[in-house]
Amino acid sequence: MTSDATTTMRDCVQQRLNYLDTLATTGDTLAKAALADTEILRLTSGWRALLAQHQPDAHGRCPQCSGWLRARRYPCSVWTTAHQHLILTEHPPSSQCARRSPAAGGPTSPPPAPSWPSRARRS
Ligand SMILES: [Zn+2]
């Protein structure tokens, strides 16, 4: 892929993310419901595809992030970023899952639910 092509691809992805941010923050209820119907599935599918590429191999190394000279142990930055953005809400990434039980010293409340309208409100 040429430099121009990668720049164009990067710009397109950034523009799409900006569009989704704008729609999520300033869109009306119907726009947000439509966003939830279409984009959440696309984003979860995208995360799954990305995380599948970064599954650890038999030696506990990420095959995508490991180079010829240096092996990158699991979890790599992709998995820690996913954990930070999908699981953790207020704290930096750690080796502990934020959803562990309160008896084990974990948080007492689940992450906040999205404030988008339910599908039942739309007609
Ligand atoms: Zn990786």
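A crossing of two helices is left-handed if the near helix is turned anticlockwise from the far one by less than a right angle, and right-handed if clockwise. That term comes back in the view of helix 2 and helix 3. Everything here is a predicted model, where local features need pLDDT of at least 70, side-chain atom pairs count only at pLDDT 80 or more, and totals for chains, interfaces and linings use all residues. Numbering starts from 1 along each chain as its sequence is written.

**View 1. The whole protein, with 3 helices and 0 strands.**
Following the sequence, the pattern is α-α-α; helices (H or I, at least four residues) and strands (E, at least two) are DSSP runs, numbered from the N terminus. Just 1% of the 123 residues are buried, where buried takes 20 or more other C-beta atoms within 10 Å of a residue's own, exposed takes 12 or fewer, and partly exposed is in between, with C-beta atoms placed from the backbone. Mean pLDDT (the predictor's confidence in each residue, from 0 to 100) is 78, and 72% of residues reach 70 or more. Over residues 98-123 the pLDDT is below 50, though that stretch still has 21 contacts in the model beyond near neighbours in sequence. A contact here is two residues whose C-beta atoms, placed from the backbone, lie within 7 Å. Where pLDDT is low, don't read the predicted coordinates in detail.

**View 2. Helix 1 (residues 3-26) and the loop after it.**
With 24 residues at 1.5 Å a residue, helix 1 should span 34 Å, and its end C-alpha atoms are indeed 34 Å apart. (The expected span is 1.5 Å times one less than the number of residues.) The number of buried residues in helix 1 is 0, so it lies largely in the open. Gly 27 sits in the loop between helix 1 and helix 2. Gly 27 is partly exposed, with 15 other C-beta atoms within 10 Å, and it touches Lys 32 and Leu 35, leaving out residues up to four places away in sequence.

**View 3. Helix 2 (residues 29-53), with a kink at Ala 36.**
Helix 2 has 25 residues and reaches 35 Å from its first C-alpha to its last, close to the expected 36 Å. The kink is about 35° and is centred on Ala 36; the bend at a residue is the angle between axes fitted to the seven residues ending there and the seven starting there. Helix 2 is hardly covered, with 0 buried residues.

**View 4. Helix 2 meets helix 3 (residues 77-86).**
The two axes come within 9 Å and cross at roughly 150°. Axes are lines fitted to C-alpha atoms, for helices over the stretch in contact, and angles run from 0 to 180 degrees between N-to-C directions. The crossing is left-handed. Trp 47, Leu 50 and Leu 51 from helix 2 meet Val 78, Trp 79 and Ala 82 from helix 3.

**View 5. His 54 and Pro 75 in the loop between helix 2 and helix 3.**
His 54 is partly exposed, with 18 other C-beta atoms within 10 Å. Beyond neighbours within four places in sequence, its contacts include Cys 62, Cys 65 and Cys 76. His 54 and Val 78 are 24 residues apart in sequence but 7.2 Å apart in space, C-alpha to C-alpha. Also look at the peptide bond from Tyr 74 to Pro 75: it is cis, with omega near 0°. Most peptide bonds are trans.
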